[in-house]
Amino acid sequence: MATLLNIHPENPQDRLIAKAAESLRNGGLIAYPTDSCYALGCALDNKEGIERITRIRHLGSKHHFTLMCHDFAQLGQFVIVDNSDFRAIKSMTPGPYTFIMKATKEVPRRMMHPKKHSVGARIPQNVTALALVEAMGEPILSSTLLLPGDEDPLTHAEDVIDQLGNDLDIVIESGVPGVVPTSVIDFTGRYPEVARVGAGDVSRFQDE
């Protein structure tokens, strides 16, 4: 059964953040809150973690996993940001957006799109999520905690444990996460394309 960590949403306890990070480094799979909704997360090099996320969410081979990054500098190490897209992406971070971009060689091939060699990346506006990524020293491989057949993601730690307690190692409770998934913008084509309308305003791309 998953361990529940109750972390202060504004002043995360270093001890508990370190415990969650240690679990990730040791191959754990966690559920943690973001500014959009709960996410499943594991370490970048955790092949079994990717398989566990895929099994829980019934994901296909073309699913874009997301790199949860601490800041723009870290994001730039793992995805290729074209000069033409830099200003737009910079203006939307941190925030409830996921950007689909070409991956650099730092990204494990198994988490890339098989044909496009692309990956999702985002910088959350959530104190606990940012503290966890900072403690890891690298992005957390993540996916929205939206279960098969559900229209809405889980938003309460108790519900996450009730449904996935045997599939996870740690569930973090830290305030109330958002209830709407991120907006997803694909920057791999000639022009940015809105792949999903979610919590973030995407009107600037729809007007083009």
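**Notebook: one sheet, one pocket, a few odd residues**

**Entry 1, Q77.** I began with Q77, which is partly exposed, with a relative accessible area of 48%. The model is a predicted one, and I keep that in mind for each entry below. A value of 48% falls between the cut-offs of 20% and 50%, so Q77 counts as neither buried nor exposed. I placed Q77 in helix α3, which covers residues 72-78. Next I asked which residues Q77 touches once its neighbours within four places in sequence are left aside. They are T104 and E106. Along the chain, Q77 and T104 are 27 residues apart, yet I found 7.2 Å between their C-alpha atoms.

**Entry 2, S23.** I then turned to helix α1, residues 14-25, where S23 has its place. Is S23 buried or exposed? With a relative accessible area of 15%, S23 is buried; the cut-off for that class is under 20%. Setting aside neighbours within four places in sequence, I noted contacts of S23 with G28, I30, D169 and I170. Two of these names came back when I looked at the strands: I30 has I170 as its bridge partner in β8. The strands concerned are β2 (residues 30-33) and β8 (residues 170-173), which pair in the parallel sense over two bridges.

**Entry 3, the sheet.** I followed the pairing from strand to strand. The result is an open sheet of 10 strands with mixed pairing, in the order β1-β8-β2-β3-β7-β4-β6-β5-β9-β10. The edges are held by β1 (3-6) and β10; each has a single partner strand, so one side of each lacks a neighbour in the sheet. On average, neighbouring strands here are turned by 35° against each other, direction ignored. I also looked for a helix lying across the strands and wrote down α2 (residues 47-57), which crosses β3 (38-42) and β7 (140-144). The angle of α2 to β3 is about 150°.

**Entry 4, strand β9.** I spent some time on β9, residues 183-186. In a regular strand, side chains alternate between the two faces of the sheet. I checked this strand residue by residue: S183 and I185 point one way, V184 and D186 the other way. All four are buried. What does β9 pair with on either side? It is joined to β5 (residues 97-102) by four bridges, and the two run parallel. Three bridges join β9 to β10 (residues 193-196), and this pair runs antiparallel. I185 shows both pairings: F99 stands opposite I185 on the β5 side, and V194 is the bridge partner of I185 in β10. How many residues lie between β9 and β10 in their hairpin? I counted six.

**Entry 5, the largest pocket.** I looked next for empty space. Rolling a probe the size of a water molecule over the atoms shows where such space is left. The largest pocket holds about 370 Å³. Its lining has 24 residues, and those closest to the centre are H64, T66, T144, V184 and R196. V184 I had already met in β9, as one of the buried residues. I asked which strands supply at least two residues each to the lining. They are β3, β4 (66-68), β5, β7, β9 and β10. The most comes from β7, with three residues. By type, I sorted the lining into 10 nonpolar, 10 polar and four charged residues.

**Entry 6, backbone oddities.** Most residues other than glycine have a negative phi, and most peptide bonds are trans. I searched for departures and noted the following.

- T93 and P94 are joined by a cis peptide bond, with omega about -10°. P94 is in the loop between α4 (83-91) and β5.
- H58 has a positive phi, near 55°, and is not a glycine. I found H58 in the loop between α2 and β4. H58 is exposed, with a relative accessible area of 60%.
- H117 also has a positive phi, near 55°. Its place is in the loop between β5 and β6 (118-122). At 35% relative accessibility, H117 counts as partly exposed, since it lies between the 20% and 50% cut-offs.

Definitions and conventions: Residues are numbered from 1 along each chain as its sequence is written. This is a predicted model: local features need pLDDT of at least 70, side-chain atom pairs count only at pLDDT 80 or more; totals for chains, interfaces and linings use all residues. Side-chain values use heavy atoms; hydrogens and water are left out. Buried means under 20% relative accessible area, exposed over 50%, partly exposed in between (1.4 Å probe, protein chains only). Two strands pair if DSSP finds at least two bridges between them. Axes are lines fitted to C-alpha atoms, for helices over the stretch in contact, and angles run from 0 to 180 degrees between N-to-C directions. Contact means heavy atoms within 4.5 Å. On a 1 Å grid over the protein atoms alone, a cavity is a set of points where a 1.4 Å probe fits but cannot get out, and a pocket is an open set with protein on both sides within 12 Å along at least five of seven lines; lining residues have an atom within 4 Å of a point. Grid points are joined across faces, edges and corners, and a volume is the space filled by probe spheres set on the points. Ala, Val, Leu, Ile, Met, Phe, Trp, Tyr, Cys and Pro count as nonpolar, Asp, Glu, Lys and Arg as charged, and the others, Gly among them, as polar.
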